[in-house]
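Visitor: I would like to learn how to read a few features of a protein model. Please put the structure up and take me through them.

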Amino acid sequence: MISKQSAYFDLPWEDTYGYAQAIKVGDTIYVSGQLSHDEKGDLVAPASLDGNGLPIDFSMMEPQMRATYANAARILARFGATLENIVEETLYVLDVDAAFAVAGAVRKEAYGAVKPRCASNLIGVSRLAFREQLIEITFRAVVPTSP
């Protein structure tokens with residue numbers, strides 16, 4: 001049996017769906033899909049929806065992306081890690097063009113580097129967990145193990 005440490009934000013959907021925000025095994029932290037919510041669980045910069053519940057405006061991609069990176073930093077801090085420990089990220093987005101338009105600047109700011117030192121994937125999807133959501137990001141981080 002492996003030893004796992006888990007971290008939560010204590011949000012309703014963690015219990016409803018049944019998952020941890022992040023799991024640490026050895027020197028690796030696996031961060032579940034992060035999104036743009038505040039500490040109470042309210043979505044930050046939710047997209048406007050049409051009558052069918054589909055996003056009609058992707059201009060909220062940038063503030064959602066910024067809030068998502070901030071949430072990743074918050075959950076990593078529970079393990080004494082930062083975004084500097086990230087080795088891989090995968091961005092799941094509803095609109096690839098809207099994401100590409102803002103991702104460079106947002107990622108450089110989040111990581112504090114002109115060329116963030118992590119592998120990165122950007123994948124277009126048809127739907128995310130919440131209809132007002134435009135982006136979700138998963139992360140893998142590595143931290144030094146204690147002697």
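Visitor: Which residues does tyrosine 92 touch, leaving aside those up to four places away in sequence?
Guide: This is a predicted model, so every statement here concerns the prediction. In the model, tyrosine 92 touches Ile123, Val125, Leu128, Leu134, Ile135, Glu136 and Thr138, with residues up to four places away in sequence not counted. Tyrosine 92 itself lies in strand E4.

Visitor: Is tyrosine 92 buried, exposed or partly exposed?
Guide: Tyrosine 92 has a relative accessibility of 28%, so it counts as partly exposed. As a long-range reference, its C-alpha atom is separated by 19 Å from that of tryptophan 13, which is 79 residues apart from it along the chain.

Visitor: What is the strand order in the sheet?
Guide: The order is E1-E2-E3-E6-E4-E5, in an open sheet of six strands with mixed pairing. Strands E1 (5-7) and E5 (119-124) stand at the edges; each has a single partner strand, so one side of each is left without a neighbour in the sheet. On average, and with direction ignored, neighbouring strands are turned by 10 degrees against each other.

Visitor: In what sense do E4 and E5 pair?
Guide: Strand E4 (residues 86-93) and E5 pair in the parallel sense, over six bridges. To locate the pairing in the sequence, take glutamate 88: its bridge partner in E5 is alanine 119.

Visitor: Which strands does H2 touch where it packs on the sheet?
Guide: H2 touches E1, strand E2 (22-25), strand E3 (28-34), E4 and strand E6 (135-142). The direction of H2 makes about 30 degrees with that of E6.

Visitor: How are two packed helices described?
Guide: The description uses the angle between their axes and the distance between the axes. Here, helix H2 (residues 61-77) and helix H3 (residues 96-111) pack at an angle of about 35 degrees, and their axes are 9 Å apart. The crossing of H2 and H3 is right-handed.

Visitor: Which residues make the contact between H2 and H3?
Guide: From H2 they are Met61, Glu62, Met65, Arg66 and Tyr69. H3 contributes Ala98, Ala99, Val102, Ala103, Val106, Arg107, Glu109, Ala110 and Tyr111. By class, the contact of H2 with H3 has ten nonpolar, four charged and no polar residues.

Visitor: How many salt bridges does the model have?
Guide: The count comes to five salt bridges. One of them joins the side chains of glutamate 62 and arginine 66, at 2.7 Å from N to O. Both residues lie in helix H2, four residues apart, about one turn of the helix. Glutamate 62 is partly exposed, with a relative accessible area of 30%, and arginine 66 also counts as partly exposed, at 30% relative accessibility.

Visitor: Which parts of the chain does the salt bridge of glutamate 89 and arginine 107 link?
Guide: In that bridge the closest N and O atoms are 2.5 Å apart. The pair links distant parts of the chain, with glutamate 89 in strand E4 and arginine 107 in helix H3, 18 residues apart. Glutamate 89 and arginine 107 are both buried. Elsewhere, salt bridges that share partners join Glu62, Arg66 and Glu109 into one network.

Visitor: How far apart are the closest N and O atoms in the salt bridge of arginine 74 with glutamate 39?
Guide: They are 4.0 Å apart. Arginine 74 is in helix H2 and glutamate 39 in the loop between E3 and H2, 35 residues apart, so this pair too links distant parts of the chain. Arginine 74 counts as partly exposed, at 25% relative accessibility, whereas glutamate 39 is exposed, with a relative accessible area of 64%.

Visitor: What sign of phi do most residues other than glycine have?
Guide: Most of them have a negative phi. Aspartate 10 has a positive phi of about 60 degrees although it is not a glycine. Its place is in the loop between E1 and helix H1 (12-18), and aspartate 10 is exposed, with a relative accessible area of 70%.

Visitor: What is phi of alanine 45?
Guide: Phi of alanine 45 is near 55 degrees, again a positive value in a residue other than glycine. Alanine 45 lies in the loop between E3 and H2. Buried means under 20% relative accessible area, so alanine 45, at 17% relative accessibility, counts as buried.

Notes
Residues are numbered from 1 along each chain as its sequence is written. This is a predicted model: local features need pLDDT of at least 70, side-chain atom pairs count only at pLDDT 80 or more; totals for chains, interfaces and linings use all residues. Side-chain values use heavy atoms; hydrogens and water are left out. Axes are lines fitted to C-alpha atoms, for helices over the stretch in contact, and angles run from 0 to 180 degrees between N-to-C directions. Helices (H or I, at least four residues) and strands (E, at least two) are DSSP runs, numbered from the N terminus. A crossing is left-handed if the near helix is turned anticlockwise from the far one by less than a right angle, and right-handed if clockwise. Contact means heavy atoms within 4.5 Å. Ala, Val, Leu, Ile, Met, Phe, Trp, Tyr, Cys and Pro count as nonpolar, Asp, Glu, Lys and Arg as charged, and the others, Gly among them, as polar. Two strands pair if DSSP finds at least two bridges between them. Buried means under 20% relative accessible area, exposed over 50%, partly exposed in between (1.4 Å probe, protein chains only).
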